[in-house]
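Reader: I have a structure to look at and a head full of terms. Could you walk me through it?

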Amino acid sequence: QFIAFMELAASGEIKDNYRISRDLDLAGVELPAVAELAVSLDGQGCAITNWTTSAPMFEKIGASGSVSNLVLDSSCTLTLPAEHGNFGFITSANAGTIYGIENYADVTIPALATLVNNAVVGVICGDCTGYIGDCSNYGNITYSGPIGTMNAYYAGVVGRVTGANAVADNLYNLGNVNVTIDDVTSTSLYFNGVVGTLNSNAKLLNSTNDGNVTVKTKGNKQMMTACGIVAYAGGEVSNCTNKGDITYIAETAEGLADGPVQRTGVCGIAAYMGWSGKTVTNNHNEGEIYFRAGYNLKYAKCGSAPNYSTNVAGVFGHIFNCKTDNCSNSGKVTSILGNIENASTYYGTDVRQSCAGVVASTWGEVSNCTNSGTILAQWITKDRTALAKNLVAQVGGVVGGDYNATGKNVTDIKNCLNTGDVTLDCDSRQSNNCVGGIAGYPTQENTATRVISDCENTGPITLMGQSLT
């Protein structure tokens with residue numbers, strides 16, 4: 001009966017809504033390719049078992065279509081197609097409604113080398129312009145192999161949510177994302193727990209990541225992110241929580257910390273947040289945030305931000321023209337550059353490395369935010385010698401700094417609290433390195449004035465570096 005339903009859907013002759021009344025064993029079954037589902041399919045909590053696939057159940061869910069209350073059992077074998085663009089195992093594109101889907105099967109990424117450029121990949125849904133809610137992924141996502149040639153976003157639930165009418169609500173990821181890339185990447189890659197990217201004033205609400213995101217490369221020469229909730233956000237992100245450990249390591253061998261990086265975001269909630277003058281609120285990180293690499297090459301453009309450098313933070317990496325309210329971090333945040341003398345020929349005052357509990361680099365008011373996690377920025381030379389003019393640091397318990405607001409009218413830091421230890425260990429000198437309990441570098445020189453008011457720091461502040469003698 002299910003095959004008959006799929007055949008009707010594939011032929012475009014389907015007119016009625018359907019319900020599944022028992023678990024379906026799809027061992028040895030190849031489902032018909034359905035270009036678009038225009039009716040409702042209600043799984044009623046039933047499970048799909050033993051499904052082996054590299055294709056979506058529905059290529060698209062139309063505006064009048066929906067898939068709900070369906071379980072993909074752990075017995076299923078889910079493998080991305082070798083040449084994949086926008087992709088999800090329930091649907092590659094959703095303009096309708098996805099509700100109550102649970103996936104328990106692990107997912108294998110077979111290759112990054114044959115991507116369609118700017119692919120958006122989620123375990124449940126690829127590209128969402130409609131509604132997706134109450135969906136969960138428990139399956140691990142794994143990749144190990146060579147670098148790709150195209151940009152791509154990967155996430156546990158949905159690859160992209162885009163458009164002013166698009167909503168992602170109450171999504172949950174418990175699966176681990178484990179990625180190992182064999183070389184220095186020359187494309188932009190984004191690995192995330194819940195959503196890949198949020199665009200065009202879409203909404204991402206009430207969602208949680210409880211899985212670990214671990215990315216290892218030999219370095220990156222374009223943008224790279226490892227985030228709990230979403231990599232890039234141009235819409236509302238509110239009431240979201242990351243509980244997983246988020247790790248990005250760029251080095252040629254374990255422990256060397258020698259890989260080059262640029263435009264790198266390692267964050268609990270989002271690497272880039274630019275919701276055009278609005279306020280994101282009530283986002284929290286509890287997981288450990290860990291970044292280790294050799295040295296930073298330079299800054300580059302990300303979204304509307306002209307100067308995106310290396311941002312490591314519990315909540316947000318780079319806030320651009322957006323206010324942050326009632327956000328908190330309780331996880332340890334570590335940023336290590338262990339071979340910074342390799343970049344000694346490059347020096348630019350805009351290339352500020354940022355590390356903080358709540359927001360690493362911000363343009364916009366920060367209010368009612370709290371950090372209780374330990375903040376450690378260790379940016380050192382390989383043999384611990386003092387190095388002139390190489391690296392500019394902005395490290396803070398709540399905010400790293402807003403120098404990269406690039407002369408815009410910045411706003412204030414209000415009613416914030418830091419109780420965590422804040423340490424900057426840096427071997428570079430003559431570089432305006434700044435560390436603080438609330439903010440490291442709270443404004444740009446000779447431009448705007450920023451007021452820090454009603455804030456309190458009770459955590460110890462430690463500044464270390466190699467002695468010039």
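Reader: What makes strand E56 largely enclosed by the rest of the structure?

Author: Keep in mind that this is a predicted model. Buried means under 20% relative accessible area. Five of the five residues of strand E56 (residues 422-426) are buried, so we call the strand largely enclosed by the rest of the structure.

Reader: And how do you know that both faces of E56 are covered?

Author: Look at the two sides in turn. Val-422, Leu-424 and Cys-426 sit on one side, Thr-423 and Asp-425 sit on the other, and all of them are buried.

Reader: Which strands does E56 pair with, and what makes them count as paired?

Author: Two strands pair if there are at least two bridges between them. Strand E50 (residues 375-379) and E56 have five bridges, in the parallel sense, so they pass that cut-off. Ile-375, for instance, has Val-422 of E56 as its bridge partner. Strand E62 (residues 461-464) is joined to E56 by four bridges and also runs parallel. There, Thr-423 stands opposite Thr-462.

Reader: Why is the pair of Phe-87 and Phe-89 called edge-to-face?

Author: Let's check two values. Ring centres have to lie within 6.5 Å for a pair, and planes over 60 degrees apart count as edge-to-face. For Phe-87 and Phe-89, the centres are 4.9 Å apart and the planes are at 85°, so the pair is edge-to-face. A search of the whole structure turns up 10 aromatic pairs.

Reader: Are those two rings buried or exposed?

Author: Use the 20% cut-off again. Phe-87 has a relative accessible area of 4%, so it is buried. Phe-89 comes in at 1%, so it is buried as well.

Reader: Which residues form an aromatic cluster?

Author: One such cluster is made up of Phe-2, Phe-5 and Tyr-18.

Reader: What about pockets: how much space lies in the largest pocket, and what lines it?

Author: About 350 Å³. It has 14 lining residues, and the closest to its centre are Gln-1, Phe-2, Ile-3, Ile-20 and Leu-24. Helix H1 (2-11), strand E1 (18-19) and strand E2 (24-25) each give at least two residues to the lining, with the largest share, three residues, coming from H1. By class, the lining has nine nonpolar, two polar and three charged residues.

Reader: How many cavities are there, and how do you know that the second largest counts?

Author: Searching the whole structure for cavities of 30 Å³ or more gives two. The second largest holds about 40 Å³ of space, so it clears the cut-off of 30 Å³.

Reader: What makes its lining eight nonpolar and one polar?

Author: Ala, Val, Leu, Ile and Tyr are among the residues counted as nonpolar, while Gly counts as polar. The lining residues are Leu-80, Val-107, Ile-109, Val-121, Gly-122, Val-123, Ile-141, Tyr-154 and Ala-155. Gly-122 is therefore the polar one, and the lining has no charged residue. E12 and strand E17 (152-155) each supply at least two of the lining residues.

Reader: Where does E12 sit in its sheet, and why is it called an edge strand?

Author: The sheet is open, with nine strands in the order E12-E17-E22-E27-E33-E41-E46-E52-E58 and parallel pairing. Strand E12 (119-122) and strand E58 (434-436) are the edge strands: each pairs on one side only. Inside the order, strand E33 (residues 264-267) and strand E41 (residues 310-313) pair over four bridges, with Gly-265 partnered by Asn-311.

Definitions and conventions
Residues are numbered from 1 along each chain as its sequence is written. This is a predicted model: local features need pLDDT of at least 70, side-chain atom pairs count only at pLDDT 80 or more; totals for chains, interfaces and linings use all residues. Side-chain values use heavy atoms; hydrogens and water are left out. On a 1 Å grid over the protein atoms alone, a cavity is a set of points where a 1.4 Å probe fits but cannot get out, and a pocket is an open set with protein on both sides within 12 Å along at least five of seven lines; lining residues have an atom within 4 Å of a point. Grid points are joined across faces, edges and corners, and a volume is the space filled by probe spheres set on the points. Rings of Phe, Tyr and Trp (its six-membered ring) pair if their centres lie within 6.5 Å; planes under 30 degrees apart count as stacked, over 60 as edge-to-face and the rest as tilted. Buried means under 20% relative accessible area, exposed over 50%, partly exposed in between (1.4 Å probe, protein chains only).
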